[in-house]
Amino acid sequence: MNAVAEAITAQSAVTARPVDASAAAARDSHDRPLRDLRLSVIDQCNFRCTYCMPREVFDEHYRFLRASERLSFDQMMKIAQAFVALGVEKIRITGGEPLLRRGLETFIERLARLTTLNGKPLDIALTTNGSLLAARARGLRDAGLSRVTVSLDALDDTVFRRMSDVDLPVARILDGIEQAQAVGLAPVKVNTVIERGVNDNQILPLVQHFKSSDIALRFIEFMDVGGAAGWSNSTVLKAHEMRAIVETVFPLVAADRVDASATSVDYRHVDGQGTVGFIASVSEPFCGQCSRARVSADGQLYTCLFATQGADLKPWLGEAVPGEHLQDAIHARWNARDDRYSELNADRRRAGTGKSWPTVRMSLVGG
Ligand code: SAM
Ligand code: SF4
Ligand code: SF4
């Protein structure tokens with residue numbers, strides 16, 4: 001057992017097992033509830049987005065997890081059950097590229113049988129690059145997937161190829177988005193990471209394209225997460241700058257905020273169906289409402305996207321270990337959680353004390 005696991009075990013000894021629904025909802029040291037789990041099912045990807053898996057690093061010598069090092073779906077079910085018992089209502093399946101993991105639909109079928117503490121169906125979402133979505137959308141919906149988010153950084157093929165470093169046309173991703181909408185995995189969200197000077201000229205074409213659909217388009221500030229090549233403050237186009245660009249052509253009005261823990265601030269077109277959201281992870285961090293835990297494809301629990309070290313859940317995943325022990329370990333880790341990296345980093349930047357430390361790879365832990 002490693003040091004982190006031992007620390008968790010020690011903490012677990014003093015953590016009372018929840019006895020009813022309200023006691024079961026885990027809270028961290030800033031009183032933030034545990035509501036969302038992002039579960040990475042694979043660390044591999046068929047894209048090489050320059051801001052996430054630059055080809056110079058993720059080349060043929062790069063050591064991805066072996067199949068035997070990845071969690072099995074049985075282990076992931078045990079993890080999902082423990083998180084749901086602690087108050088999680090949404091599970092987002094991510095990666096790497098989650099659609100590369102074989103048998104995903106069967107796993108989703110199993111997840112869809114779980115209910116939340118208040119008896120509602122679990123909200124199961126998937127984040128994908130969309131390249132394999134068109135043929136899989138119906139099967140994913142039939143398995144019980146509730147929603148899908150597709151990442152798409154450009155409408156222009158040249159810009160898209162440059163950012164994703166893959167030889168595919170944008171039409172392939174748009175087809176995936178259309179199929180997902182058509183089978184009812186709606187509303188589809190489209191996430192676009194904007195890098196200043198790289199794809200900021202795609203903001204208006206993307207807004208124009210999705211304006212007459214029910215699609216929720218969200219622009220994300222480029223973050224300095226592990227893997228991000230060439231990140232510097234000057235490469236971040238801030239959310240308010242992106243909105244100003246949109247509003248030069250498309251007037252927006254603020255949309256009602258339905259979910260206090262939502263990462264994006266959403267706007268409606270004055271005339272049009274789609275919405276446009278902005279995720280200001282860098283310029284206006286939202287750590288105060290952060291209710292997300294992440295589990296990597298090899299079973300490490302991260303309580304912040306920018307964590308340098310995870311807590312190994314594998315000691316609790318053996319068949320002989322009761323699920324309650326895993327639940328206690330996660331509960332203890334969440335109780336001790338103090339993360340608010342983006343807020344602290346924003347303070348450091350304001351104070352001119354510069355940039356940060358290395359963080360976990362985004363492709364391992366999921367976005
Ligand atoms: N492969 C899937 C995809 O691209 O949707 C799922 C995993 S990917 C790591 C999840 C999200 O993280 C994507 O929307 C991606 O754009 C975002 N992401 C990755 N690196 C990022 C960075 N440096 N800054 C902001 N977002 C990033
Ligand atoms: Fe792959 Fe998604 Fe990372 Fe792009 S952002 S390299 S699609 S994991
Ligand atoms: Fe949550 Fe960490 Fe991001 Fe803050 S920096 S919003 S705590 S994941």
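Where is the place of D165? The exercises below concern a predicted model, and the first of them starts from this residue.

**Exercise 1. Locate D165 and describe its backbone and its exposure.**

Step 1. Look along the chain: D165 has its place in the loop between α6 (157–164) and α7.

Step 2. Examine the backbone. D165 is not a glycine, yet its phi is positive, at about 50 degrees.

Step 3. Classify the exposure. The relative accessible area of D165 is 29%. Buried requires a value under 20% and exposed a value over 50%, so D165 is partly exposed.

**Exercise 2. Describe the loop between α2 and β1 through D28 and D31.**

Step 1. Place the residues. D28 is found in the loop between α2 (21–24) and β1 (36–40), and D31 has its place in the loop between α2 and β1.

Step 2. Determine whether D28 is buried or exposed. Its relative accessible area is 6%; because buried means under 20%, D28 is buried.

Step 3. Find the partners of D28. A polar atom of the D28 side chain lies 2.8 Å from the backbone nitrogen of H30. Leaving aside residues up to four places away in sequence, D28 touches W334, N335 and R337.

Step 4. Turn to D31. This residue, which is not a glycine, has a positive phi near 65 degrees.

**Exercise 3. Identify the cis peptide bond and place its proline.**

Step 1. Inspect the bond between A186 and P187: it is cis, with omega about -5 degrees.

Step 2. Place P187 in the fold. This proline is found in the loop between α7 (170–183) and β5 (189–194).

**Exercise 4. Characterise the surroundings of ligand 1.**

Step 1. Establish the shell. Ligand 1 is surrounded by 18 residues, of which G96, T127, S151, V193 and M223 are the closest.

Step 2. Sort the shell by class. It contains eight nonpolar, eight polar and two charged residues.

Step 3. Examine the polar contacts. A nitrogen atom of ligand 1 lies 3.0 Å from a backbone N or O atom of G96. A polar atom in the side chain of E97 lies 3.3 Å from a nitrogen atom of the ligand. In the side chain of S151, an N or O atom is 2.6 Å from an oxygen atom of ligand 1.

Step 4. Assess how far the ligand is covered. Taken alone, ligand 1 exposes 550 Å², and the protein buries 94% of that area.

**Exercise 5. Describe the shells around ligands 2 and 3.**

Step 1. List the residues around ligand 2: C45, F47, C49, C52, M53, G96 and N129. They divide into five nonpolar, two polar and no charged residues.

Step 2. Classify two of these cysteines. The relative accessibility of C45 is 17% and that of C49 is 15%. Both values are under 20%, so C45 and C49 count as buried.

Step 3. Turn to ligand 3. There are 13 residues around it, and C287, C290, C304, L305 and S342 come nearest. The elements giving two or more residues to this shell are β10 (292–295) and α11 (341–350). By class, the shell has seven nonpolar, one polar and five charged residues.

Step 4. Check for disulfides. A search of the whole structure finds zero.

**Exercise 6. Summarise the protein as a whole.**

Step 1. Count the elements: the protein has twelve helices and twelve strands.

Step 2. Consider burial and surface. Of its 367 residues, 53% count as buried. The protein exposes about 15700 Å², of which carbon and sulfur atoms supply 51%.

Conventions: Residues are numbered from 1 along each chain as its sequence is written. Chains are lettered from A and ligands numbered from 1 in the order in which they are written. This is a predicted model: local features need pLDDT of at least 70, side-chain atom pairs count only at pLDDT 80 or more; totals for chains, interfaces and linings use all residues. Side-chain values use heavy atoms; hydrogens and water are left out. Helices (H or I, at least four residues) and strands (E, at least two) are DSSP runs, numbered from the N terminus. Buried means under 20% relative accessible area, exposed over 50%, partly exposed in between (1.4 Å probe, protein chains only). A polar contact is a pair of N or O atoms within 3.5 Å; within protein, one must be able to donate a hydrogen and the other to accept it, and residues adjacent in sequence count only if both atoms are side-chain atoms. Contact means heavy atoms within 4.5 Å. A residue is near a molecule or strand if one of its heavy atoms lies within 4 Å of it. Accessible areas come from the Shrake-Rupley method with a 1.4 Å probe; for residues, only the protein chains shown count as cover. Ala, Val, Leu, Ile, Met, Phe, Trp, Tyr, Cys and Pro count as nonpolar, Asp, Glu, Lys and Arg as charged, and the others, Gly among them, as polar. A disulfide is a pair of cysteine sulfur atoms within 2.5 Å.
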